[in-house]
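Me: I would like to learn how to read the features of a structure such as this one. Please take them one at a time, general idea before the case.

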Amino acid sequence: MISTNIQTREKRERIEKMAVSQKKRRGNLTPYLFISPWIIGFVAFTLGPLLFSFAISFFDYPIVGTPQFIGFDNYVQMFTNDPIFWESLGVTFKFAAILVPLNILISLLLALLLHQNVGGSSWYRTIFYLPTVIAGVSLSLIWAWVYDGEYGLLNYILSWFGIEGPRWLSDPEWSLFAIVFAGLWGQGVMMLVFLSGLKNIPKELYEAAEIDGAGVFSKFFSITLPMLSPTMLFNLITAVISAFQQLTFALVITKGGPLRSTYFYAMYVYENAFRYFKMGYSAANAWFMFLIILSLTFVLFKTSKTWVYNENERKGKK
């Protein structure tokens with residue numbers, strides 16, 4: 001009788017433990033159920049296509065026809081037998097070298113202006129942010145009208161001062177600069193990131209500097225820039241990535257012309273895929289772009305140790 005009761009109790013305890021463990025497992029699965037739509041979307045629309053593009057970069061992969069495995073031939077052809085590859089890469093590097101510093105400088109200046117305690121600053125933030133919410137194609141069409149050599153707004157304004165404006169989009173000497181200027185229009189996101197960084201700088205640092213007799217420029221270079229350097233690193237990386245992925249303006253406004261002066265690398269990848277239907281070759285082009293962006297990001301992170309101020313690291317060294 002006693003042994004029967006012991007067995008019954010042990011059985012009941014085992015059942016209770018199993019119920020508790022099952023409840024814990026269900027509890028552990030609950031968060032994954034909530035994020036499962038994102039996981040499914042990421043695998044189906046990001047990770048899956050990414051792996052597929054890497055796989056087909058080793059194939060002669062026409063849209064219509066049978067794919068053939070060719071190994072590294074796409075990459076060899078890209079480096080040795082495709083002058084347009086080097087030309088588009090040069091245009092993209094030139095574009096990024098002009099656009100990225102100007103992007104950082106202008107967005108920082110706008111953030112510094114909006115950081116001042118003046119009336120209506122929230123309205124100015126909204127005004128400067130508005131261009132970023134306009135769709136890329138719509139913004140490109142607006143700039144195509146602004147740059148029109150005969151009826152464009154820009155040349156019309158220049159005519160007020162007796163200046164005959166060039167044909168911005170049909171002159172190889174001006175077309176790239178026209179795209180750069182159009183790219184500078186959307187400063188809203190980068191400006192707000194700088195603005196949030198400025199608001200996180202302790203006011204006590206400026207007060208202490210004023211007591212020591214520091215001027216405006218001294219406070220900017222000794223306090224603002226060092227404290228804002230992590231934010232600047234973030235904006236710099238995003239600006240570089242955006243510059244190398246630029247496609248919409250050139251595709252809509254200039255179509256890569258004139259004389260391929262605005263033929264960006266992203267447009268080269270796009271046309272190989274959807275104009276010449278060389279999907280495998282285009283995938284190889286895209287993966288090389290990925291390696292370029294990855295390398296530049298790595299260099300920025302490595303060199304950032306010399307100019308980015310990290311308060312936690314400084315405290316750790318102390």
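The turns below go through the fold, the core, a helix pair and a loop.

Me: Before the features, what kind of model is this?

Reply: This is a predicted model, in which local features need pLDDT of at least 70 and side-chain atom pairs count only at pLDDT 80 or more, while totals for chains, interfaces and linings use all residues. Residues are numbered from 1 along each chain as its sequence is written, and side-chain values use heavy atoms, with hydrogens and water left out.

Me: How many helices and strands are there in the protein chain?

Reply: Helices (H or I, at least four residues) and strands (E, at least two) are DSSP runs, numbered from the N terminus. The protein chain has 14 helices and two strands.

Me: What share of the residues in the protein chain is buried?

Reply: Buried means under 20% relative accessible area, exposed over 50%, and partly exposed in between, with a 1.4 Å probe and protein chains only. Of the 318 residues in the protein chain, 33% are buried. The chain exposes about 20500 Å² (Shrake-Rupley method, 1.4 Å probe), and carbon and sulfur atoms supply 67% of that area.

Me: Which contacts in the protein chain join residues at least 24 apart?

Reply: Contact means heavy atoms within 4.5 Å. Taking contacts between residues at least 6 apart in sequence, 67% join residues at least 24 apart.

Me: Which residues touch the most other members of the largest nonpolar core?

Reply: In soluble globular proteins, nonpolar side chains tend to be buried together. A nonpolar core is a set of buried Ala, Val, Leu, Ile, Met, Phe, Trp, Tyr and Cys residues joined through side-chain atoms within 4.5 Å. Here the largest one has 63 residues, and Met78, Phe95, Trp143, Phe194, Tyr265 and Tyr268 touch the most other members. Helix H3 (residues 83–114) gives the largest share of this core, twelve residues.

Me: Where is Phe95 found, and what does Phe95 touch?

Reply: Phe95 is found in helix H3 and is buried, with a relative accessible area of 0%. Not counting residues up to four places away in sequence, Phe95 touches Leu176, Ile179, Val180, Ala243, Gln246 and Phe264. Phe95 and Phe264 are 169 residues apart in sequence, yet their C-alpha atoms are 8.4 Å apart in space.

Me: Is Leu89 buried or exposed?

Reply: Leu89, also in helix H3, is buried at a relative accessible area of 9%. With neighbours within four places in sequence left aside, Leu89 is in contact with Tyr265, Phe288 and Ile292. From Leu89 to Phe264 the separation is 175 residues in sequence and 6.9 Å in space, C-alpha to C-alpha. On the same basis as for Leu89, Tyr265 is in contact with Met78, Phe85, Ser88, Leu89, Thr92, Asn285, Phe288 and Met289.

Me: At what angle do the axes of helix H4 and helix H8 cross?

Reply: Two packed helices are described by the angle between their axes and the distance between the axes. Axes are lines fitted to C-alpha atoms, for helices over the stretch in contact, and angles run from 0 to 180 degrees between N-to-C directions. The axes of H4 (residues 121–129) and H8 (residues 188–199) cross at roughly 145° and come within 8 Å. Arg125, Phe128 and Tyr129 of H4 make the contact with Gly188, Val189, Met191, Leu192, Leu195 and Lys199 of H8.

Me: What does Leu195 of helix H8 contact?

Reply: Leaving aside neighbours within four places in sequence, Leu195 is in contact with Ala111, Leu114, His115 and Arg125. Leu195 is buried, with a relative accessible area of 4%. The C-alpha atoms of Leu195 and Leu110 are separated by 8.6 Å, although these residues are 85 apart along the chain.

Me: Which backbone features are in the loop between H11 and H12?

Reply: The loop between helix H11 (248–254) and helix H12 (265–274) holds Pro258, and a cis peptide bond with omega of about -10° joins Gly257 and Pro258. Lys255 lies in this loop, and its phi is near 55°, a positive value in a residue other than glycine. Arg260, in the loop as well, has a positive phi of about 60° although it is not a glycine. Lys255 is exposed at 59% relative accessible area, whereas Arg260 is partly exposed at 36%.
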